[in-house]
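Biologist: Hi, I have a new model open and would like to walk through it with you. Could you start with the terms?

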Amino acid sequence: MADPAAFAQLIDPESTDGGLTEREQERESARRSERLRAALEQLSEVDRAIVTGRFWEGRRTTEIAESLGLTYSAVAVRLHRALRKLRPLIGEEDSPVEPPV
């Protein structure tokens, strides 16, 4: 499984640690991870599976759709909506989202 902080980086590739010490970076990473964990719990089980499948497991949208018995379009829409819901919960409201693949 990928580092949760890496997921936050995928949502907001412009974020940086701004010259923080290694210890401060570790604390910030832990805070981001906790925010992300709490935010993911706010999603439905299916949406959580879609987000984790895409970003943790690196699966393609078509693979996720097949495994969940959904259409490609349904997964793409649910992924977009889930990421839109996650952004404010992890404090990254204006961050870009990569298109489904």
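Modeller: Sure! Buried means under 20% relative accessible area, exposed means over 50%, and partly exposed is in between, with a 1.4 Å probe and protein chains only. This is a predicted model, where local features need pLDDT of at least 70, side-chain atom pairs count only at pLDDT 80 or more, and totals for chains, interfaces and linings use all residues. Residues are numbered from 1 along each chain as its sequence is written, and side-chain values use heavy atoms, with hydrogens and water left out.

Biologist: Good. So is Ala-49 buried or exposed?

Modeller: Ala-49 is partly exposed, with a relative accessible area of 31%. Ala-49 lies in helix H3. Its C-alpha is 8.7 Å from that of Leu-68, and the two are 19 residues apart in sequence.

Biologist: Zooming out, how many helices and strands are there?

Modeller: The chain has five helices and zero strands, counting DSSP runs of H or I with at least four residues as helices and runs of E with at least two as strands, numbered from the N terminus.

Biologist: And how much of the chain is buried?

Modeller: Of its 101 residues, 33% count as buried. The chain exposes about 6200 Å², and carbon and sulfur atoms supply 50% of that; the areas come from the Shrake-Rupley method with a 1.4 Å probe, and for residues only the protein chains shown count as cover.

Biologist: Which elements have the lowest and the highest mean pLDDT?

Modeller: On pLDDT, the predictor's confidence in each residue from 0 to 100, helix H1 (residues 4-11) has the lowest mean, 58, and helix H4 (residues 61-68) the highest, 97. For the chain the mean is 82, and 72% of the residues reach 70 or more. Where pLDDT is low, the predicted coordinates should not be read in detail.

Biologist: Let's look at H4, then. Which residues are buried there?

Modeller: Thr-61, Ile-64 and Ala-65 are buried in H4. They cover an arc of only 100° around the axis, which puts them on the same side of H4; the arc is that of the directions from the helix axis to the C-beta atoms.

Biologist: What do they pack against?

Modeller: The buried residues of H4 pack against helix H3 (45-55) and helix H5 (72-90).

Biologist: What comes just after H4?

Modeller: Gly-69 does, with a positive phi of about 70°. Leu-70 lies in the loop between H4 and H5, and at 29% relative accessibility Leu-70 counts as partly exposed. Leaving aside neighbours within four places in sequence, Leu-70 is in contact (heavy atoms within 4.5 Å) with Val-46, Ile-50, Ala-65, Val-75 and Arg-78.

Biologist: How do H3 and H5 cross?

Modeller: Their axes come within 9 Å and cross at roughly 90°. Axes are lines fitted to C-alpha atoms, for helices over the stretch in contact, and angles run from 0 to 180 degrees between N-to-C directions. H3 and H5 are therefore roughly perpendicular to each other, a term for angles of 65 to 115 degrees. Among the residues making the contact are Val-46, Ile-50 and Phe-55 of H3 and Val-75, Leu-79 and Leu-86 of H5.

Biologist: Last topic: where is Arg-35?

Modeller: Arg-35 is in helix H2 (residues 22-41). Arg-35 is partly exposed, with a relative accessible area of 32%.

Biologist: What does Arg-35 touch?

Modeller: Not counting residues up to four places away in sequence, Arg-35 touches Glu-28, Leu-89 and Ile-90. Arg-35 and Leu-89 are 54 residues apart in sequence and 7.3 Å apart in space, C-alpha to C-alpha.

Technical notes: Parallel < 35°, antiparallel > 145°, perpendicular 65-115°, else oblique.
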